[in-house]
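Here are my notes after going through the model you sent. They are in numbered points so you can answer them one by one.

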Amino acid sequence: MKYIICLACFFSVSAVAETEAELIAWARAIHERVLTVDTHVDIPANYGSDAYDPMKPGPRGQQVHIPTQIEGGLDATFLIVFVGQGPLTTAGYAKALADAMAKFAAIHRVTTLQYPDKLSLALSSGDARRIAAEGKKVVLIGIENGYPMGEHVELLDVFYDYGARYFGHTHIGHNQLGDSSIAEKRLNDPPSRHGGLSALGKKAVERANRLGMMNDVSHAGKQTTLDIIAASRPPAIASHSGAKGVFDHPRNMSDEEMTALAAKGGVMQVVAFDTYLRAVPKEKTAATQALWAEFGIKDFPDMAKLTPDQLKTYRARADEIELKWPKAGVRDLADHIDYAVKLIGIDHVGIASDFNGGGGITGWNSASETFNVTLELVKRGYGEEQIAKIWGANLLRVLDEVEDYAKRTKRRK
Ligand SMILES: [Zn+2]
């Protein structure tokens, strides 16, 4: 089959690829040359233990390992220090902080003790580029949910020192920093707690700026998002979000949010999350909810609490549901990318998987399948320079700007 794709816009692709095999070879060459950065990969509490050895692909629920990254050509991952939202009390904050520090420790154990020859922690965009050039996998750290800092904004300095380079203020449920895109019924959340970013949240944005840590608006409510973008002096990011203009989901960004983010130079990392990409059949949602209730799962991290036998049964049942109603595919992901590129420009769009945190779609359900995303972008006419931007150059440019801002403000003191 000959690929004829809008000759005026995409002359290079149609000129190079006469056959599907040629198109794949062309896409593969691009995929190997560009630096691929996935800005959101969750890690369970057992990351770096025998139960989740990054060198040994284990249970199917684990979607990222060094061998699967090599197979799929995924160069860099932001591993996520995530703690679910709990009560805004001293005890709640203390537990959240302990959980967060355990995740930092797990990442450091893997990068410095277990596999320092295979991956390295990057503390700057320069580190990321250098480590990738050395042929090792790049690990960066992002924080999802500012809950663990409690009311101590100076704890951001500790997170930064442990390697965190982006700070997502909220998760599901309003917290001390701002309103979430989704109120948490379990915590008796009102529709809004602060009306956007709180005074403490504003201090956190400024502290992150001074440190050189990117502010992340994913999961934040609309007003919180706009407030973070406005308060942040250098650009902010959305580490894993979709576009409301393609599918109206509370976790997706409106045109107004996307435009505000890009106007200040930020980047939106489009996420491969099934339920954000397109409408899920109602019957599938009902079947999944019934399965979660049966196994006592309220959120994805709860899956780590299942025994191996329970997990096996759960997986078999989940497979039946998936077979009946397959997840969104790479084309759905690319529809959101296309939409974002048209609305806010090629310099402001990137990619995230949300692997191990509910992400993964048909065709990109593990790091080993990462090439399929590049192939779809090539089929849609994106050239190498554009793909390089989407796959990581845009995100690293923002990290550069955030680092530069921190250096400049330090010099002024
Ligand atoms: Zn998330």
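1. A word on terms before the helix pair comes up: the axes are lines fitted to C-alpha atoms, for helices over the stretch in contact, and the angles run from 0 to 180 degrees between N-to-C directions. With that in hand, take helix α11 (residues 282-295) and helix α12 (residues 308-324): they pack at an angle of about 175°, and their axes are 10 Å apart. Angles over 145 degrees count as roughly antiparallel. The two helices, α11 and α12, are therefore roughly antiparallel to each other. As for who meets whom, α11 brings Lys 284, Ala 287, Thr 288, Leu 291, Trp 292, Glu 294 and Phe 295, while α12 brings Gln 310, Thr 313, Tyr 314, Arg 317, Ala 318, Ile 321 and Glu 322.

2. Keep in mind that this is a predicted model. Its mean pLDDT over the protein chain is 94, with 95% of the residues at 70 or more. The stretch to treat with care is residues 1-11, where the pLDDT is below 50; that stretch still has 20 contacts in the model beyond near neighbours in sequence. Where pLDDT is low, the predicted coordinates should not be read in detail.

3. Now the metal. Which residues coordinate the zinc ion? Glu 144 does so through OE, and His 219 and His 240 do so through NE2, at 2.0 to 2.2 Å. Along the sequence, the donor residues are spaced E-x74-H-x20-H. Glu 144 and His 219 link distant parts of the chain: Glu 144 sits in strand β4 (residues 137-144), His 219 in the loop between β6 (214-216) and α8 (222-231), and they are 75 residues apart. Both Glu 144 and His 219 are buried.

4. His 219 deserves a second look for its backbone. This residue has a positive phi of about 80°, although it is not a glycine. Its relative accessible area is 4%, so His 219 counts as buried. Asp 354 is another non-glycine with a positive phi, here about 60°. You'll find Asp 354 in the loop between β9 (349-352) and α14 (371-379). Its relative accessibility is 3%, so Asp 354 is buried.

5. Ser 180 ties in with the zinc donors, since His 219 is among its contacts. Ser 180 lies in the loop between β5 (164-168) and α7 (199-211), and it is buried at 6% relative accessible area. What does its side chain reach at 3.5 Å? The backbone nitrogen of Gly 173. A polar atom of the Ser 180 side chain also lies 3.0 Å from the backbone nitrogen of Ile 182. Beyond its neighbours within four places in sequence, Ser 180 contacts Thr 170, His 171, Ile 172, Gly 173, His 174, His 219, Ala 220 and Gly 221.

6. Helix α7 holds Ala 204. Is Ala 204 buried or exposed? It is buried, with a relative accessible area of 0%. Ala 204 and Val 153 are 51 residues apart in sequence, yet their C-alpha atoms are 5.8 Å apart in space. Setting aside residues up to four places away, Ala 204 touches Met 149, Val 153, Leu 156, Phe 167, His 169, Leu 177 and Asn 215.

7. Pro 148 is in the loop between β4 and α6 (155-161). Its relative accessible area is 5%, so Pro 148 is buried. Outside the four places on either side in sequence, its contacts are Val 83, Tyr 93, Ala 96, Leu 97, Ala 100, Leu 155 and Phe 159. From Pro 148 to Gly 92 the C-alpha distance is 8.4 Å, with their positions 56 residues apart in sequence.

8. Gln 69, in helix α3 (residues 66-72), is a polar residue to check: it is buried, at 4% relative accessible area. Its contacts, leaving aside neighbours within four places, include Val 64, Asp 75, Lys 137 and Ala 367.

9. Last, a residue on the outside. Arg 233 is in the loop between α8 and β7 (237-241), and at 59% relative accessibility it counts as exposed. Not counting residues up to four places away, Arg 233 touches Asn 209, Lys 264 and Tyr 405. Its C-alpha is separated by 45 Å from that of Phe 295, which is 62 residues away along the chain.

Conventions. Residues numbered from 1 in each chain as written. Heavy atoms only, no water. Donors = N, O, S within 2.8 Å, 3.2 Å for Na, K, Ca; no water. Helix = DSSP H or I, 4+ residues; strand = E, 2+ residues; numbered from the N terminus. Buried < 20%, exposed > 50% of the residue type's maximum accessible area, 1.4 Å probe, protein only. Polar contact = N/O pair within 3.5 Å; in protein donor to acceptor, adjacent residues only side chain to side chain. Contact = heavy atoms within 4.5 Å. pLDDT = per-residue confidence, 0-100. Parallel < 35°, antiparallel > 145°, perpendicular 65-115°, else oblique.
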